[in-house]
Amino acid sequence: MHFQASEPDGTHRCPHCSAHYRVVAWLTTIARDADKEMCGCCNHIMASWIATSYPKFALIGECPGDKGGKFIKGGSA
Ligand SMILES: [Zn+2]
Ligand SMILES: [Zn+2]
């Protein structure tokens, strides 16, 4: 399973707190490996993959979840 960005433009949002990330680099590892990335904001798993190439993320702007303490869950609620 390769990493799948959540947005059509290739950026990725944390599924837990909607923090917005950009993939700044793709790194490779020799062994096909299961790995994950923790959200720097909410500390949940924001992406996971089993592949020899994996993304390196940079946070774009501020995390929406930091503003009012209420996390936005995908779409309208
Ligand atoms: Zn957050
Ligand atoms: Zn998060």
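Me: In this predicted model, what percentage of the 77 residues of the chain count as buried?
Reply: The model is a predicted one, and a residue is counted as buried if 20 or more other C-beta atoms lie within 10 Å of its own. Applied to the 77 residues of the chain, that criterion gives a buried share of 18%.

Me: In what order do the elements of the chain run from the N terminus on?
Reply: The secondary structure comes to one helix and three strands. Read from the N terminus on, these elements follow the order β-β-β-α.

Me: Where in the chain is confidence lowest, and where is it highest?
Reply: Over the chain the mean pLDDT is 86, with 83% of the residues at 70 or more. Where pLDDT is low, the predicted coordinates should not be read in detail. Confidence is lowest in helix H1 (residues 65-68), with a mean of 60, and it is highest, at 96, in S1.

Me: Which strands stand at the edges of the sheet?
Reply: The three strands form an open sheet in the order S1-S2-S3, with antiparallel pairing. Each edge strand has a single partner strand, so one side of it is left without a neighbour in the sheet; the strands in that position are S1 (12-13) and S3.

Me: Over how many bridges do S2 and S3 pair?
Reply: S1 and S2 are paired in the antiparallel sense over two bridges, and Arg13 stands opposite His20 in S2. Between S2 and S3, Val23 stands opposite Phe57 in S3, while Lys36 has Ser48 as its bridge partner in S3. Strand S2 (residues 20-38) and S3 also pair in the antiparallel sense, and the number of bridges is 13.

Me: Which residue takes a positive phi in the hairpin of S2 and S3?
Reply: In the hairpin of S1 and S2, with six residues between the strands, Ser18 has a positive phi near 70 degrees. The hairpin of S2 and S3 has six residues between its strands, and there a positive phi near 65 degrees is taken by Asn43.

Me: Is Ser48 buried or exposed?
Reply: Ser48 is found in strand S3 (residues 45-59), and its C-alpha atom is separated by 8.9 Å from that of Met38, 10 residues away along the chain. A residue counts as exposed if 12 or fewer other C-beta atoms lie within 10 Å of its own. Because Ser48 has 12 C-beta neighbours inside 10 Å, it is classed as exposed.

Me: Which strand gives the most residues to the largest nonpolar core?
Reply: The largest nonpolar core has 10 residues in all, among them Cys14, Tyr21, Met46, Phe57 and Cys63. The strand that gives the most to this core, with three residues, is S3.

Me: How many other C-beta atoms lie within 10 Å of that of Cys39?
Reply: Cys39 lies in the loop between S2 and S3, and, not counting residues up to four places away in sequence, it touches Cys14, His16, Cys17, Ala19, His44 and Met46. Its C-alpha atom is 9.7 Å from that of Ser18, although the two are 21 residues apart in sequence. Cys39 is buried because the number of other C-beta atoms within 10 Å is 22.

Me: Which residues is Cys63 in contact with, leaving aside its neighbours within four places in sequence?
Reply: Cys63 belongs to the largest nonpolar core, as do Cys17, Ala19 and Cys41. With neighbours within four places in sequence left aside, the contacts of Cys63 are Cys17, Ala19 and Cys41.

Technical notes: Residues are numbered from 1 along each chain as its sequence is written. Chains are lettered from A and ligands numbered from 1 in the order in which they are written. This is a predicted model: local features need pLDDT of at least 70, side-chain atom pairs count only at pLDDT 80 or more; totals for chains, interfaces and linings use all residues. Helices (H or I, at least four residues) and strands (E, at least two) are DSSP runs, numbered from the N terminus. Two strands pair if DSSP finds at least two bridges between them. A nonpolar core is a set of buried Ala, Val, Leu, Ile, Met, Phe, Trp, Tyr and Cys residues joined through C-beta atoms within 7 Å. Two residues are in contact if their C-beta atoms, placed from the backbone, lie within 7 Å. pLDDT is the predictor's confidence in each residue, from 0 to 100.
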